[in-house]
Amino acid sequence: TTKLKELLYRNSREGRKSLALLIDPEKTKGQQAWQELADRCVDFPLDYFFVGGSLVNPEDFLTSIRELKRISQNRIPVVLFPGSVMQVSREADAILFLSLISGRNSEWLIGQQVLAAPTLAESDLEILSTGYMLVNGERSTSVEYISQTIPLPRDKPDLAVATALAGKFLGMSLFYLDAGSGAQLPVPEQMIRAVRTAVGSPLIVGGGIDSVFRAKQAWDAGADLVVIGNGAEKNPGLIAEVYQFLQCYNASLNVN
Ligand code: 1GP
């Protein structure tokens with residue numbers, strides 16, 4: 001199987017956009033919720049599942065990974081998007097090995113990563129070194145509070161570029177611009193464009209993307225992979241809608 005990193009780089013090079021559904025294990029619980037998700041995934045295959053959240057009970061976390069593997073019959077990669085070292089499991093396919101480079105809290109820059117490293121070394125998880133940048137999405141988000149960091153000001157793309165470049169020079173291979181789950185305003189297009197142009201690495205964008213319009217804006221601005229969490233919880237039809245749009249979008253770019 002192709003490594004996800006290679007796939008992300010190839011898609012990014014060729015301009016093929018993709019979509020991830022973020023599952024917060026605290027919000028998707030019980031047989032019925034999984035059944036509904038399973039029904040939706042049969043019709044609309046996704047590129048990736050992301051799993052993680054700010055406050056996650058270890059049992060729910062493991063259940064989520066197993067359910068996602070089951071309902072997608074192992075066809076959709078399950079990528080950990082861990083809120084802490086407690087969200088590491090070898091049952092997933094890959095992990096976004098995040099360092100919160102927009103912050104200055106050493107715990108989220110390197111502390112949790114040190115604790116996770118021995119477990120990761122013994123697992124088969126593909127490790128995706130990711131520079132994680134929080135962007136001010138108007139109101140404060142859980143990740144801001146939990147990480148006790150100040151997000152990037154949304155009107156300062158140059159600061160985002162400097163941050164991402166520093167991450168690139170430190171060897172990070174992916175970047176994630178996140179306005180935080182449920183953000184009122186998504187990451188500004190100007191910032192997406194500036195960061196993507198400067199680093200040239202695959203760029204993940206999420207936070208507050210709750211419509212086809214907002215997903216398109218992010219892709220147009222240069223996002224390679226759009227992440228939707230809350231929006232799909234509020235509107236169960238959204239992922240199907242965005243995915244259908246994405247097929248046309250990629251086709252129109254001649255990259256299908
Ligand atoms: C949050 O980027 C993700 O870390 C997704 O955000 O829940 O607002 O879609 P939403």
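This note reviews the predicted model point by point, from the barrel to the ligand shell and the helix contacts.

1. Basis. The model is predicted: local features need pLDDT of at least 70, side-chain atom pairs count only at pLDDT 80 or more, and totals for chains, interfaces and linings use all residues. Residue numbers start from 1 along each chain, as its sequence is written. Helices (H or I, at least four residues) and strands (E, at least two) are DSSP runs, numbered from the N terminus.

2. Barrel. The sheet is a closed barrel of 8 strands in the order 1-2-3-4-5-6-7-8, with parallel pairing; two strands pair if DSSP finds at least two bridges between them. From one strand to the next, the twist averages 30°. Angles run from 0 to 180 degrees between N-to-C directions, and axes are lines fitted to C-alpha atoms, for helices over the stretch in contact.

3. Strands 1 and 2. Strand 1 (residues 18-23) is joined to strand 2 (residues 48-51) in the parallel sense by 4 bridges. A20 has Y48 of strand 2 as its bridge partner.

4. Helices on the sheet. Helix 3 (residues 58-71) packs on the sheet and touches strand 1, strand 2 and strand 3 (78-80); its direction makes about 170° with that of strand 2. Contact between two residues requires their C-beta atoms, placed from the backbone, to lie within 7 Å. Helix 10 (residues 238-252) also packs on the sheet, where it touches strand 1 and strand 8 (225-228). The direction of helix 10 makes about 165° with that of strand 1.

5. Ligand shell. The ligand is surrounded by 15 residues, of which S181, G206, G207, G229 and N230 come nearest; a residue is near a molecule or strand if its C-beta atom, placed from the backbone, lies within 6 Å of it. Strand 8 and helix 9 (230-234) are the elements that give two or more residues to this shell. By class, the shell has 5 nonpolar, 9 polar and 1 charged residues. Ala, Val, Leu, Ile, Met, Phe, Trp, Tyr, Cys and Pro count as nonpolar, Asp, Glu, Lys and Arg as charged, and the others, Gly among them, as polar.

6. Helices 6 and 7. The axes of helix 6 (residues 157-169) and helix 7 (residues 189-199) come within 9 Å and cross at roughly 30°. Helix 6 is therefore roughly parallel to helix 7; angles under 35 degrees count as roughly parallel, over 145 as roughly antiparallel, 65 to 115 as roughly perpendicular and the rest as oblique. Residues of helix 6, including P157, A160 and V161, meet residues of helix 7, including Q190, M191 and A194. This contact has 10 nonpolar, 1 polar and 1 charged residues.

7. Helices 7 and 8. Helix 7 and helix 8 have axes that come within 8 Å and cross at roughly 30°, and the two are therefore roughly parallel to each other. E189, I192 and R193 of helix 7 make the contact with Q217, A218 and A221 of helix 8. The classes here are 3 nonpolar, 1 polar and 2 charged.

8. Helices 8 and 10. Helix 8 (residues 212-221) packs against helix 10 at about 40°, with the axes 10 Å apart; the pair is therefore oblique. V212, A215, K216 and W219 in helix 8 meet E241, V242, F245 and Y249 in helix 10. Of these residues, 6 are nonpolar, none polar and 2 charged.
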